[in-house]
Amino acid sequence: MLHGYNPPHRYLPYLSWTEIVDLPDKENTVIVLPTGATEQHGPHLPCAVDTVISAGVVGHALARLPAEVPAFAMAPITYGKSEEHLHFPGTVTLSGETLLATMNEVGESVYRAGFRKLLFVNGHGGQPQVMEMCARELRLRHGDFIVVPSFTWRVPHVAGKYLSDKEKKLAMHAGHAETALMLALAPDTVHMERAVVNYPPVFESPLLSPDGRPACAWSARDFGPSGIIGDPLPATAEQGHAILDSLAVSWAAAITELHHLQWAARPESTWGRANHTGHVEASSALA
């Protein structure tokens, strides 16, 4: 299901190694890595929500790209740092250290293949710091590597037009927007008859939290047994398709911008690992 969101000609794992070697202008080709999680999303949504959303949005964005913009999706990372949901069966988590090592090693593989532009589209709110740490480490290792850590919802989209003020203020997990998007991307996995409303209490410290959202560390179980933090009840598939379309348009534009972006290349020696250097095969060797 996850790879099926991508146009086959823009899905990097479908290429052979010789086809990857022969790609033109690899330095400006954008490689997009959807990063998700496998964690509870209430009784009405599947545990794959964050991965489905990140991979689905990326796939729909790539489908909108002009043919002259070279970009490929990688297979999504389906396990993330999800300790805040450990109280609920179905949650599978990596430690922060393991996820960071995984992201670094994937990034090294992308660089070794000759690509110099890597975009993380992260669908899970519990791990943006890991994405940022990885991007910085890869940049230190490779002075000509452009690594952009971002969040699926960071680009312009229309979800806000459907959300109540309370939802905008306090919802964090399995609420209106995520449920609507899942109704568009994977409707067979959504069970609206099981959905309930559940908000966290307002964090009563205007200086630490002007909007009332929790400013302290939390786990999902702190707010009740459902795992939901928000109100999924008003969500519809029509809203989800509109949200998906707006996200895809914005991400297609962002990928195009990254393709054209020129950034400073650092000529000094890097802090790379010695065992990450060596011979890489070329297709000319087969002639």
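# Close-up views of a predicted model

**View 1. Ala174, a buried residue with a positive phi.** At 0% relative accessibility, Ala174 counts as buried, since that value falls under 20%. The residue belongs to a model that is predicted, and within this model Ala174 sits in the loop between H5 and H6. Its backbone has a positive phi of about 60°, although Ala174 is not a glycine. Ala174 also appears among the residues in contact with His44 once the neighbours of His44 within four places in sequence are left aside.

**View 2. His173, in the loop between H5 and H6.** With a relative accessibility of 6%, His173 counts as buried. Apart from neighbours within four places in sequence, the contacts of His173 take in Glu39, Gln40, His41 and His85, together with Glu178 and the run Gly227, Ile228, Ile229 and Gly230. His173 is also one of the residues that lie nearest the centre of the largest pocket.

**View 3. Glu39, in the loop between S1 and H2.** The relative accessible area of Glu39 is 0%, and the residue is therefore buried. When neighbours within four places in sequence are set aside, Glu39 is in contact with Pro46, Cys47, Asp50, Ser82, His85, Gly90, Thr91, His124 and His173. One of these partners, His124, is 85 residues from Glu39 in sequence, while the two C-alpha atoms are 9.5 Å apart in space.

**View 4. His44 and its polar contact with Thr179.** His44 lies in the loop between S1 and H2, and its relative accessible area of 0% makes it buried. The side chains of His44 and Thr179 are joined by a polar contact of 3.0 Å. Beyond its neighbours within four places in sequence, His44 is in contact with Ala174 and Thr179, with Thr189, Val190, His191, Met192, Arg194 and Ala195, and with Ile228 and Pro232.

**View 5. Helix H6, enclosed by the rest of the structure.** Because 10 of the 10 residues of H6 are buried, this helix is largely enclosed by the rest of the structure. The buried residues of H6 are His176, Ala177, Glu178, Thr179, Ala180, Leu181, Met182, Leu183, Ala184 and Leu185. The cover over these buried residues includes H2, H5 and H7.

**View 6. The largest nonpolar core, with 42 residues.** Among the members of this core, Leu119, Leu181, Met182 and Ile255 touch the most other members. Two or more core residues come from each of strand S1 (30–35), helix H2 (49–64), strand S2 (71–73), strand S3 (117–122), helix H6 (176–185) and helix H7 (237–260). Of these elements, H2 gives the largest share, eight residues. Leaving out residues up to four places away in sequence, Leu119 touches Val30, Ile31, Val32 and Leu33, Val148 and Ser150, and Trp251, Ile255 and Leu258. A second core, separate from this one and made up of 24 residues, includes Ile31, Val130, Leu138 and Val147.

**View 7. The largest pocket, holding about 650 Å³ of space.** The pocket is lined by 28 residues, and Phe151, Trp153, Ala171, Met172 and His173 lie nearest its centre. Helix H5 (165–170) and H6 are the elements that give two or more residues to this lining, and the largest share, three residues, comes from H6. By residue type, the lining of the pocket divides into 10 nonpolar, 10 polar and eight charged residues.

**View 8. The largest cavity, with about 30 Å³ of space.** A search of the whole structure finds one cavity of 30 Å³ or more. The lining of the largest cavity is formed by Pro128, Met131, Glu132, Pro149, Ser150, Phe151 and Arg154, and the elements that give two or more residues to it are helix H4 (128–141) and strand S4 (146–151). These lining residues divide into four nonpolar, one polar and two charged. Phe151, which lines this cavity, is also listed among the residues nearest the centre of the largest pocket, and Ser150, another lining residue of the cavity, is touched by Leu119.

**View 9. Asp25, a partly exposed residue with a positive phi.** Asp25 is found in the loop between helix H1 (17–21) and S1, where its phi is near 50°, a positive value in a residue other than glycine. At 38% relative accessibility, Asp25 counts as partly exposed, because this value lies between the limits of 20% and 50%.

Note on methods:
Residues are numbered from 1 along each chain as its sequence is written. This is a predicted model: local features need pLDDT of at least 70, side-chain atom pairs count only at pLDDT 80 or more; totals for chains, interfaces and linings use all residues. Side-chain values use heavy atoms; hydrogens and water are left out. A nonpolar core is a set of buried Ala, Val, Leu, Ile, Met, Phe, Trp, Tyr and Cys residues joined through side-chain atoms within 4.5 Å. Buried means under 20% relative accessible area, exposed over 50%, partly exposed in between (1.4 Å probe, protein chains only). Helices (H or I, at least four residues) and strands (E, at least two) are DSSP runs, numbered from the N terminus. Contact means heavy atoms within 4.5 Å. On a 1 Å grid over the protein atoms alone, a cavity is a set of points where a 1.4 Å probe fits but cannot get out, and a pocket is an open set with protein on both sides within 12 Å along at least five of seven lines; lining residues have an atom within 4 Å of a point. Grid points are joined across faces, edges and corners, and a volume is the space filled by probe spheres set on the points. Ala, Val, Leu, Ile, Met, Phe, Trp, Tyr, Cys and Pro count as nonpolar, Asp, Glu, Lys and Arg as charged, and the others, Gly among them, as polar. A polar contact is a pair of N or O atoms within 3.5 Å; within protein, one must be able to donate a hydrogen and the other to accept it, and residues adjacent in sequence count only if both atoms are side-chain atoms.
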